[in-house]
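Trainee: I would like to take a close look at one part of this model and then see how the rest is arranged around the chain. Could you take me through it with some care?

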Amino acid sequence: MVTLTAAEQAMLDGEDGDAARESMEILVALARIYGADRMIPVKSAQVSGVSYKTIGDAGLEYLRGLAQKGAKACIPAFLNPAGMDISQWKEMRIPADFAKKQIAILDAYSRMGIMKTCTCAPYFIGIRPKRGEHVAWAESSAVAFANSVLGARTNREGGPSALAAAICGVTPHYGLHLEENRVAGFVVDVRCELKSASDFGALGHAVGKLAKNRFPAFTGIKKAGESELQVLGASMAASGSVPLFFVKGITPEYRVPESAEAVVFTEKDLKEAKAGLDSGGKPQLVTLGCPHASLEEIKRIAGLVSTKKPTCEFWVCTARKLKDEAVRLGYAKAIENAGGRIVSDTCMVVCPLESMGYSVTGTASGKAAHYLPSLCRQKVVFGNLEDILYR
Ligand code: F3S
């Protein structure tokens, strides 16, 4: 039985308007399904369901309707990637009708006071919840990062529930908001060297498939920065819907009961995981930045391609704010001179890649490799940066 505060009950009774009432109805329904006893305030909401490719006309109409009913975010709320780069969609051959609908979706969110950050890595543009802070984030890799790397508390929200949390400022108190649920279900002892982000991506993709609603804890990983942990989490989220993981000595939390199953991950397993994601051949387009790249990563790519020009077209996907920084610092110029492009507001998976003339795409990301065949009808070339850019 969920107990509401007077203010929450007032919202449910429609005293704050129809949009707040509908949003609170969504949250109360979730609370009942998951057995939450109450709502808890959240400090921020990351809203998914932004690309016209994924939400279509029905999603656009739903958002327009909510905006018309006066829906307004009452906490900091920001968007996941949209279906196109707002400033260069024409050059990127995005169909005009798609662009029109995409702009209408962004307008609806804007009217609701939701920031058009359009990134799956808000933590790289200064939106970094503190350890223990409750938030309502929706994008699977951002959820994994917030819980695991930052130690914040969020369930894996859907687009509507994150939007409802943005409007009401609360979320049901269940799942990963409860300390006792943040415990590993199995331990992966990594007995091989992870030399590149694509190695972390392949490891994550393989481990995600073992998860079956359990959270993994890793031992044996000696070094991993935020970009590696980002890729690891994104891959597990893609292959196994994993919203929380632990890495011994690295992540802020590491809770493993003695009863946890132990699994060994060897060099052979890594090789097999990589081979399983790679269909071979030469890519027409290499897409980097899944999840969206940090400024450090953009700098590294700019340095690499300045010394040796890639053999194919390539994109580096990132947040618009970081693209602007990359322009200012000269990284964007270096990337353009090498035949590449910094793409912001969107990514290789949620843009209509299949309608833009590509059929073979290279990636170093386990998550992109997971989704490109089904969502974008692409043949995937998987490998580390140097491998896929110069194949
Ligand atoms: Fe982000 Fe797109 Fe990858 S939303 S995690 S870059 S599939």
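Trainee: Is I167 buried or exposed, and what is its relative accessible area?

Mentor: The model is a predicted one, and everything that follows should be read with that in mind. I167 has a relative accessible area of 8%, and because the cut-off for a buried residue is under 20%, I167 counts as buried. The residue is found in helix α6, which covers residues 159-168. Leaving aside the neighbours within four places in sequence, I167 is in contact with A19, A20, S23, L66, A71, K72, A73 and C74. One of these partners, A73, shows how the fold brings separate parts of the chain together: I167 and A73 are 94 residues apart in sequence, yet their C-alpha atoms are 4.2 Å apart in space.

A260 makes a useful second case, and its place is in the loop between β8 (246-247) and β9 (261-265). With a relative accessibility of 16%, A260 also counts as buried, and, once its neighbours within four places in sequence are left aside, it is in contact with G185, F186 and V187. A104 lies 156 residues from A260 along the chain, and the C-alpha atoms of these two residues are separated by 48 Å.

From single residues we can turn to the sheets. One open sheet has three strands in the order β3-β2-β4, with parallel pairing. Its edges are formed by β3 (77-79) and β4 (136-137), and since each has a single partner strand, one side of each is left without a neighbour in the sheet. Strand β2, residues 45-47, runs parallel to β4 and is joined to it by two bridges, and within this pairing Q46 stands opposite W137 of β4.

Another open sheet has five strands, arranged in the order β12-β11-β10-β13-β14, again with parallel pairing. Here the edge strands are β12 (340-344) and β14 (379-382), each of which pairs on one side only. Averaged over the sheet and with direction ignored, neighbouring strands are turned by 30° against each other. Helix α13, residues 366-376, packs on this sheet, where it touches β10 (285-293), β13 (360-363) and β14, and its direction makes about 165° with that of β14.

Within the five-stranded sheet, β11 can be followed through both of its pairings. Strand β11, residues 313-318, pairs with β12 in the parallel sense over five bridges, and T318 stands opposite S344 in β12. Five bridges also join β10 to β11, and these two strands run parallel, with L285 having E313 in β11 as its bridge partner. The strand is mostly covered, in that five of the six residues of β11 are buried.

Strand β10 brings us to the ligand, since among the elements it gives the most to the shell around the ligand, with three residues. The residues that surround the ligand are P81, C120, E139, S141, G289, C290, P291, C347, V349 and K367, and the space that the ligand takes is the largest pocket.

Technical notes
Residues numbered from 1 in each chain as written. Predicted model: local features only at pLDDT ≥ 70, side-chain atom pairs only at ≥ 80, totals over all residues. Heavy atoms only, no water. Pairing = 2+ DSSP bridges. Helix = DSSP H or I, 4+ residues; strand = E, 2+ residues; numbered from the N terminus. Axes fitted to C-alpha atoms, helices over the stretch in contact; angles between N-to-C directions. Contact = heavy atoms within 4.5 Å. Buried < 20%, exposed > 50% of the residue type's maximum accessible area, 1.4 Å probe, protein only. Near = heavy atom within 4 Å. 1 Å grid on protein atoms, 1.4 Å probe; cavity = no way out; pocket = protein on both sides within 12 Å on 5 of 7 lines; lining within 4 Å. Sits in = over half its atoms within 2 Å of the grid points.
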